[in-house]
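Subject: Structure handover

Hello,

I am passing this structure on to you. Please open it first, then read the notes below.

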Amino acid sequence: MVMARTRHEGALLGKSSIKVKGREEEEEEEEEARGGGGPMRAAAQRLMKVFVTRRIPPEGLATLNKAGDGIRVGYTPDILTDATAELTVALLLATSRRLPESVVEVKNGGWTTWKPLWMCGYGLSGSTVGIIGLGRIGHAVARRLKPFGVTKFLYTGRHPKPEAAAELNAKFVPLAKLAEESDFVIVTCSLTPDTQGMCNRDFFGKMKKTSVFINTSRGAVVNQDDLYEALVNGHIAAAGLDVTTPEPLPTNNPLLSLKNCVILPHIGSATYATRNTMSVLAANNLLAGLKGESMPSELKL
């Protein structure tokens with residue numbers, strides 16, 4: 001029996017667990033430690049040396065930029081499309097049919113005799129749904145909503161997407177027209193300088209008083225002060241958010257005081273299967289980056 005120190009003090013390892021390294025192997029490891037292992041590994045090692053986490057004076061940043069090395073970035077595209085689309089539909093239904101309110105009424109004794117208009121909300125059958133950003137997630141959301149009997153799909157974005165629109169018989173329209181005609185407005189676009197704060201007082205003012213607003217894209221797409229004003233003053237019926245600014249949203253934020261605003265803690269991709277797949281891809285990206293190899297999914301900077 002051979003004794004060896006491990007992370008657990010005094011652990012015993014059998015002979016079959018110990019590999020005796022020859023001098024050649026030791027020399028190879030020493031060479032790697034000194035920066036050997038070929039040009040790709042050397043490049044990977046150089047790329048990991050500087051990570052700027054805060055704003056610094058421009059002179060210092062310019063010096064770093066002259067070195068020519070950025071940091072490689074891996075990401076997990078496509079994997080969360082289905083989970084986020086499902087969550088978007090769930091949030092829409094919970095908001096439009098007032099499910100959180102109904103649960104509270106059951107718990108606090110508000111459920112008494114049947115009342116014709118009590119807890120009434122808005123249904124999808126015969127409705128017009130407007131989607132801001134008919135990308136992978138927007139398209140997946142629309143496909144899931146179609147069987148509910150939606151009469152018409154409208155969408156807007158940087159440019160028309162005829163192939164995706166053809167399946168849904170969706171019509172490309174300006175943002176203002178989408179706001180004016182939609183019973184449900186769903187935001188699934190990317191956050192860009194053009195979309196930041198796009199859903200503001202002017203936008204909500206164009207929406208129907210009976211319309212429902214859903215955002216599962218990025219919190220900064222919405223001006224939350226203007227959304228609060230629209231909800232309080234009855235310019236729109238209700239809103240459901242899975243994303244906010246900031247995150248987490250402070251518990252004293254005025255939006256949380258409204259019954260007609262449903263807010264979730266950014267759980268669009270929160271299914272076991274999705275998170276498991278994301279973790280494996282992230283790990284494979286990391287390992288490939290450390291080896292100086294191509295990542296399975298790398299963001300090209």
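Which side chain meets that of E181 in a salt bridge? The partner is K152, with an N to O distance of 3.9 Å. Please keep in mind that this is a predicted model.

**Salt bridges**

E181 and K152 come from distant parts of the chain. E181 is in helix α8, residues 175-181. K152 is in strand β5, residues 152-156. The two are 29 residues apart. E181 is partly exposed, at 26% relative accessibility. K152 is partly exposed too, with a relative accessible area of 34%.

The structure holds 12 salt bridges. Side chains of opposite charge can pair when their charged atoms come close.

Another of these bridges joins the side chains of D82 and R144, at 3.2 Å from N to O. D82 lies in helix α4 (residues 81-96), while R144 lies in helix α6 (residues 136-145), so the bridge ties together parts that are 62 residues apart in sequence. D82 counts as partly exposed, with a relative accessibility of 44%. R144 is partly exposed as well, at 28% relative accessible area.

D183 and K208 form a salt bridge through their side chains, at 2.9 Å from N to O. Both residues sit in loops. D183 is in the loop between α8 and β7. K208 is in the loop between α9 and β8. The pair links distant parts of the chain, 25 residues apart. K208 counts as partly exposed, at 28% relative accessibility.

There is also a network. R72, E298 and K300 are joined into it by salt bridges that share partners.

**Aromatic rings**

The count of aromatic pairs is 4. One of them is F203 with F213. Their ring centres are 6.3 Å apart and their planes stand at 70 degrees, so this pair is edge-to-face. F203 is in helix α9, residues 201-206. F213 is in strand β8, residues 212-215. That puts the two 10 residues apart, in distant parts of the chain. Both are buried: F203 has a relative accessible area of 3%, and F213 has 0%.

F213 also pairs with F204. This pair is edge-to-face, with 5.2 Å centre to centre and 85 degrees between the planes. F204 is buried, at 1% relative accessible area. Together, F203, F204 and F213 make up one aromatic cluster.

What sits over the ring of W118? It is the charged end of K115, 4.8 Å from the ring centre.

**Cysteines**

How many disulfides does the structure hold? The count is 0. For C189, the nearest cysteine sulfur is that of C199, 6.9 Å away. A disulfide is a covalent bond between the sulfur atoms of two cysteines. Why is there no bond from C199 to C189? Their sulfurs are 6.9 Å apart, which is too far for one. The cut-off for a disulfide is 2.5 Å between the sulfur atoms. Are these two cysteines buried or exposed? C189 counts as buried, at 13% relative accessibility. C199 is buried, with a relative accessible area of 0%.

**A nonpolar patch on the surface**

Which residues form the nonpolar patch on the surface? They are V52, I56, L61 and L64. Together they have about 270 Å² of accessible area. L64 is found in helix α3, residues 58-66. L64 counts as partly exposed, at 34% relative accessibility.

**A long-range contact**

L92 is found in helix α4. D82, from the salt bridge with R144, lies in α4 too. L92 is buried, with a relative accessible area of 0%. In sequence, L92 and N215 are 123 residues apart. In space, their C-alpha atoms are 9.3 Å apart.

**Where to look**

For a quick tour, start at the bridge between E181 and K152. Go on to the cluster of F203, F204 and F213. Then look at C189 and C199, whose sulfurs are 6.9 Å apart. Finish at the surface patch of V52, I56, L61 and L64.

Best wishes

Conventions:
Residues numbered from 1 in each chain as written. Predicted model: local features only at pLDDT ≥ 70, side-chain atom pairs only at ≥ 80, totals over all residues. Heavy atoms only, no water. Phe/Tyr/Trp six-rings, centres within 6.5 Å; stacked < 30°, edge-to-face > 60°. Helix = DSSP H or I, 4+ residues; strand = E, 2+ residues; numbered from the N terminus. Buried < 20%, exposed > 50% of the residue type's maximum accessible area, 1.4 Å probe, protein only. Lys NZ or Arg CZ within 6 Å of the ring centre and 35° of its normal. Salt bridge = Lys/Arg side-chain N within 4 Å of Asp/Glu carboxyl O. Patch = residues over 30% accessible without salt bridge, like charges linked within 9 Å, V, L, I, M, F, W, Y side chains within 5 Å. Areas by Shrake-Rupley, 256 points an atom, 1.4 Å probe, with all protein chains shown as cover.
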